[in-house]
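Subject: Structure handover

Hello,

Here is the structure I said I would pass on. My notes on what was found in it follow below.

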Amino acid sequence: MAVKLANTTDQIEARDARLSGSRFVDVDLSGMSAIDVNLTGASFENVNMTGVRIKDANLADMEIEGVRVKDLFAAWKQVRG
């Protein structure tokens with residue numbers, strides 16, 4: 001079943017939901033919370049992530065601007081000492 005929302009300011013709560021294949025276009029998710037969420041293979045383009053906090057995340061094979069996050073952390077740790 002497809003649910004379509006347009007031009008709404010309603011808050012959505014999804015629990016134990018399978019939303020794979022969903023698309024969010026021109027959507028304001030500021031202040032949202034994602035807990036125990038699977039984003040495997042997700043794609044983010046033209047996204048404002050100002051102030052985003054990521055905690056206890058599996059970042060295996062995650063890339064930002066084509067650079068593997070694992071490599072970024074390794075370089076950061078090396079510089080930091």
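At 48% relative accessibility, Val 52 counts as partly exposed, because that class covers the range between under 20% for buried and over 50% for exposed. Please keep in mind that this is a predicted model.

Val 52 sits in the segment that comes before β1, the strand at residues 63-64. Val 52 also belongs to a nonpolar patch on the surface, together with Val 37, Leu 39, Phe 44, Val 47, Met 49 and Ile 54. The accessible area of these residues together is about 680 Å². Elsewhere along the chain, Gly 31 is 21 residues from Val 52, and the two C-alpha atoms are separated by 9.3 Å.

Overall fold

The chain has one helix and two strands, and the order along the sequence is β-β-α. The radius of gyration of the chain is 16 Å, whereas the globule rule gives 12 Å for 81 residues; the chain is therefore more spread out than a compact globule. Along its principal axes, the C-alpha trace spans about 50 × 25 × 20 Å.

Burial is scarce in the model: buried residues make up 1% of the 81 residues. The accessible surface of the chain comes to about 9,000 Å². Carbon and sulfur atoms account for 49% of that surface.

The helix

Does the length of α1 agree with what its residue count predicts, or disagree? The helix runs over residues 69-80, which makes 12 residues. At 1.5 Å a residue the expected span is 16 Å, and the C-alpha atoms at its ends are 16 Å apart, so the two agree. The expected value counts one less than the number of residues. Just after α1 comes Gly 81, with a positive phi of about 95°.

Salt bridges

How many salt bridges does the structure hold? There are two salt bridges.

One of them joins Arg 15 to Glu 13, with the closest N and O atoms 2.4 Å apart. Arg 15 and Glu 13 are both exposed.

The other pairs Asp 61 with Arg 68, and here the closest N and O atoms are 3.9 Å apart. The cut-off is within 4 Å, so this pair counts as a salt bridge. Asp 61 has 61% relative accessibility and so counts as exposed. Arg 68, at 32% relative accessibility, counts as partly exposed.

Positive phi outside glycine

Most residues other than glycine have a negative phi. Two residues in the segment before β1 are worth a look on that account.

Asp 26 has a phi near 55°, a positive value in a residue that is not glycine. Asp 26 is found in the segment before β1. Its relative accessible area is 82%, so Asp 26 is exposed.

Asn 46 is not a glycine either, yet its phi is positive at about 50°. Asn 46 also has its place in the segment before β1. With a relative accessible area of 84%, Asn 46 is exposed.

Other positions before β1

Val 27 is in the segment before β1. At 45% relative accessibility, Val 27 counts as partly exposed. Val 27 and Phe 44 are 17 residues apart in sequence, and their C-alpha atoms are 12 Å apart in space. Phe 44 is one of the residues in the nonpolar patch described above.

Ser 20 has its place in the segment before β1 too. Its relative accessibility is 72%, so Ser 20 counts as exposed. From Ser 20 to Met 1 is 19 residues in sequence and 13 Å in space, C-alpha to C-alpha.

To recap the main points: the chain is more spread out than a compact globule, buried residues make up 1% of the chain, and a nonpolar patch that includes Val 52 lies on the surface.

Regards

Conventions: Residues are numbered from 1 along each chain as its sequence is written. This is a predicted model: local features need pLDDT of at least 70, side-chain atom pairs count only at pLDDT 80 or more; totals for chains, interfaces and linings use all residues. Side-chain values use heavy atoms; hydrogens and water are left out. Patches are made of residues with over 30% relative accessible area and no salt bridge: like charges are joined within 9 Å, nonpolar side chains (Val, Leu, Ile, Met, Phe, Trp, Tyr) within 5 Å. Accessible areas come from the Shrake-Rupley method with a 1.4 Å probe; for residues, only the protein chains shown count as cover. A salt bridge is a side-chain nitrogen of Lys or Arg within 4 Å of a carboxyl oxygen of Asp or Glu. Helices (H or I, at least four residues) and strands (E, at least two) are DSSP runs, numbered from the N terminus. Buried means under 20% relative accessible area, exposed over 50%, partly exposed in between (1.4 Å probe, protein chains only). The radius of gyration is taken over C-alpha atoms; the globule rule is 2.2 Å times the number of residues to the power 0.38.
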